[in-house]
Amino acid sequence: MLFRRFIGTVAVSVMLLAVCSASAQTSAPIRFIAKSKIFVLDAGNATYVFGVNEQNMLQHIYWGGHVTRDEDFAAAQSFREWASFDLGTTTTPQEYPGWGAGLYVEPSLKVTFPDGNRDLVLHYVDHRVEANTLTVTLKDIGRELFAHLRYTVYAKTGTIRRDTVIENRTDKPVVVENAQSGVFYVPRGGGYRLRYLSGRWAGEWQLNEEPVHTGVKVLESRRGSTSHQTNPWFALDRDGNSDPEHGSVWFGALGWSGSWRISVEETPHQQVRVTGGFNPFDFGYTLAPGEKLETPAFYAGYTDGGIGEASRILHRFERAEVLPNGSGARTRPVLYNSWEATEFNVDEAGQKALAEKAASLGVERFVMDDGWFGQRNTDHAGLGDWYVNAKKFPNGLGPLVQRVHELGMDFGIWVEPEMVNPDSDLYRKHPDWAMHFDGRQRTEARNQLLLNLARDDVREYTFNWLDELVSNNDIAFLKWDYNRNFSEPGWPEVPTDQQKKIWVKFTQNLYDILDRLRKKHPKLEIESCSGGGGRVDLGILLHVEQVWPSDNTEALDRLTIQQGFTYAYTPHIMMAWVTDVPNFNGRSVPLQFRFLAAMQGSLAIGSNLNKWQREDFDLAKQMVTYYKSIRETVQNGDLYRLTPPVDANFKASQYVLPDRSKAVVFAFLHSQQFGRMLPALTLRGLDEKATYSVTVFDGKSRPRGAPIPAELSGAYLMNHGFALPLTGDYDATSIKLERVAD
Ligand code: DGJ
């Protein structure tokens, strides 16, 4: 799709921007200064500069705080060789270095030509600007191999998007062995700190912080999808800065749901460079004459507002520019999901009973999870057979969907389209549709195999049954699951030199199906789930409204998981269920704590409502009503993390509407010790001159401490703050603030 858009761009006449006058310089977000051959990109409070040097290489010049005077930037000048061991090719910060001419740092592009030549030296050819996108074309010094570097500037949200289209205009095939979207440079010097997110199933979104040293730190997935293990996001700042709201931070994230890599490299010359794109492991994309390959998008931003503002920039960007159909400007409905209540034991009567109870709580969307199709009674069978199980739903899905609608909710359903159980009609009919190498064992995970979605016939089959399911059943929402990673990534049906394209085509076809479904069913909403948070990235977010961060729904663990998640992704898309106890870790925390934990994102309920007592329903109704009164602030506001990630005992977060008229605070105490009271919590992001009403949401009577006054000024709240009277174990509260006077 994007690829086609690019062709369109080339075909239309485009405007070359060669601006020199000072007045124009300050208005256009993308400027080419012809005299010095430099490009100046302004994205919000950040400026990004690179130029064409005297050797015709594209050379990075600056990325950091906003600089208004273009004349301050001198023309790019290549670096001299440091020694015969470190040539200028390596020491010059090239915007998109090909592997050739003695390049020893991470290349952006590496190819093999059919005659065995593997030397690639990319030089500037031309450039064009269209709207907020600059395309700079580079070409090998000898051969017709092109790299079109695209830079899109989102001035409002302060973000830059980079990707590259590699084009083979030779008359022979070229094998692309390493295709990166681009490389970002931070100001030369040592002492950087890297933040990144890692994890595993049920333990995603753990924040790591470590100093950057000489060498390469690789963040990656080789699994064919984004992964629970590492998420394609990074942030760099100066080591030792513990202030979350001040200081320079350079950050970025890849938009790709296949195997990816971000390498954070500090050269011996103290140049930190961050290269991101397709994972080069087992990569080998043969480009026929005339063929092109589009790399993933690599997004980046800069702020001097600390890691807190870095997250908020990404949140705003995701809501404004990434999420489909403008969904980032709306709010998410309160959802019920049946999985933890019934697992595979779904049937019409049972789901109707749950739906009735869910509706009584104020739930707006009812989702039936796994178990409704084929012979799906356990996880051993059924995937691939996407017809309604007649024993469980003798009259089809119609009566259930109708009941859900009568109850005032819309209906959603679980699917796992890329998978097949060997025990299924589909597999018995099309064993070759499963990803495999001929004559080799097919490794199962959760008793299932991956369909080879790279195949056009599998893609069409998948689109068609999904289209039918949605068309025939008035389905408003799909929970799209994906419960394993690639193994034996073979594609024996195509010529050998095409087989490795599976790493790219699989994901492209996934996006294609999602796009076509959405186009045909414009009201359909979709959640990306991969056994929890295994497929959350800026690529999938172009096609889905929300994501499932983790299968771990235990409220205390969830605080850490959710906090980690928000470093890269907006709470708007973060589904958070209230579930039953004891849960993970055998832990039982009170229902109020569980609700307040889940309210920090998009609230949902996943409990077995058949087991709830009257008082649970009463509290839950109150909680859902409260959530609806604050959800605009939580989902579309600015998030401030009030406690550091290392504090496991006390966590607090605050959300503020952009116009600062409303805010909400959540606070959670794990366990009180020695009778200690909590220190005052100072708030952020309010209007210091305004007066706010302060309402504590609290079912409990508080035995100690002065009550929080009913009205306080923004200045007082942000400087003095208030002490929270949380006591005992698993105590939690929320405070709502509303501007009552300017
Ligand atoms: C994994 C998901 O993360 C769960 O929420 C649930 O949908 C199961 N799959 C169903 O098999």
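Which residues line the largest cavity? In this predicted model, the lining is made up of Leu559, Gln562, Gln563, Thr566, Met574, Gln600, Leu639, Arg641, Lys651, Ala652, Ser653 and Tyr655. Three elements each give two or more residues to that lining, namely α11 (555–568), β31 (638–641) and β32 (650–656). Sorted by class, the lining of the largest cavity comes out at five nonpolar, five polar and two charged residues. The volume here is about 120 Å³.

That cavity is one of six of 30 Å³ or more that turn up in a search of the whole structure. Next down the list, the second largest cavity holds about 50 Å³ of space. Its walls come from Leu197, Ser198, Gly199, Glu204, Trp205, Ser227, His228, Gln229, Thr230, Asn231 and Gly533. The class split for this second largest cavity is two nonpolar, eight polar and one charged.

On to the pockets, and to the ligand. Where does the ligand sit? It is found in the second largest pocket, a space of about 500 Å³. This pocket has 30 lining residues, and those closest to its centre are Trp201, Trp339, Arg446, Gly531 and Asp551. The lining breaks down into eight nonpolar, eleven polar and eleven charged residues.

Around the ligand itself there is a shell of 14 residues, with Asp369, Asp370, Lys479, Asp481 and Asp551 the closest. By class, the shell has five nonpolar, three polar and six charged members. Asp551 thus shows up twice, among the closest residues to the ligand and among those closest to the centre of the second largest pocket.

Some of the atom pairs can be spelled out. On the side-chain side, an N or O atom of Asp370 is 2.7 Å from an oxygen atom of the ligand. Asp481 puts a polar side-chain atom 2.7 Å from a ligand nitrogen. Gly532 takes part through its backbone, where an N or O atom lies 3.2 Å from an oxygen atom of the ligand. How much of the ligand does the protein bury? Taken alone, the ligand exposes 290 Å², and 98% of that is buried by the protein.

Elsewhere, Asn485 is worth a look for its side-chain contacts. This residue belongs to the loop between β26 (477–480) and α10 (502–520). From there, its side chain makes a polar contact of 2.9 Å with the side chain of Arg223. A second polar contact, at 3.3 Å, links the side chains of Asn485 and Ser225.

The backbone has a couple of oddities too. Most residues other than glycine have a negative phi, and most peptide bonds are trans. Against that background, Val581 and Pro582 are joined by a cis peptide bond, with omega at about -10°. Pro582 is placed in the loop between β29 (575–578) and α12 (591–598). Then there is Lys37, which is not a glycine but has a positive phi of about 55°. Lys37 also falls in a loop, the one between β1 (30–33) and β2 (38–43).

Conventions
Residues are numbered from 1 along each chain as its sequence is written. This is a predicted model: local features need pLDDT of at least 70, side-chain atom pairs count only at pLDDT 80 or more; totals for chains, interfaces and linings use all residues. Side-chain values use heavy atoms; hydrogens and water are left out. A residue is near a molecule or strand if one of its heavy atoms lies within 4 Å of it. A polar contact is a pair of N or O atoms within 3.5 Å; within protein, one must be able to donate a hydrogen and the other to accept it, and residues adjacent in sequence count only if both atoms are side-chain atoms. Accessible areas come from the Shrake-Rupley method with a 1.4 Å probe; for residues, only the protein chains shown count as cover. On a 1 Å grid over the protein atoms alone, a cavity is a set of points where a 1.4 Å probe fits but cannot get out, and a pocket is an open set with protein on both sides within 12 Å along at least five of seven lines; lining residues have an atom within 4 Å of a point. A molecule sits in a cavity or pocket if more than half of its atoms lie within 2 Å of its grid points. Ala, Val, Leu, Ile, Met, Phe, Trp, Tyr, Cys and Pro count as nonpolar, Asp, Glu, Lys and Arg as charged, and the others, Gly among them, as polar. Grid points are joined across faces, edges and corners, and a volume is the space filled by probe spheres set on the points. Helices (H or I, at least four residues) and strands (E, at least two) are DSSP runs, numbered from the N terminus.
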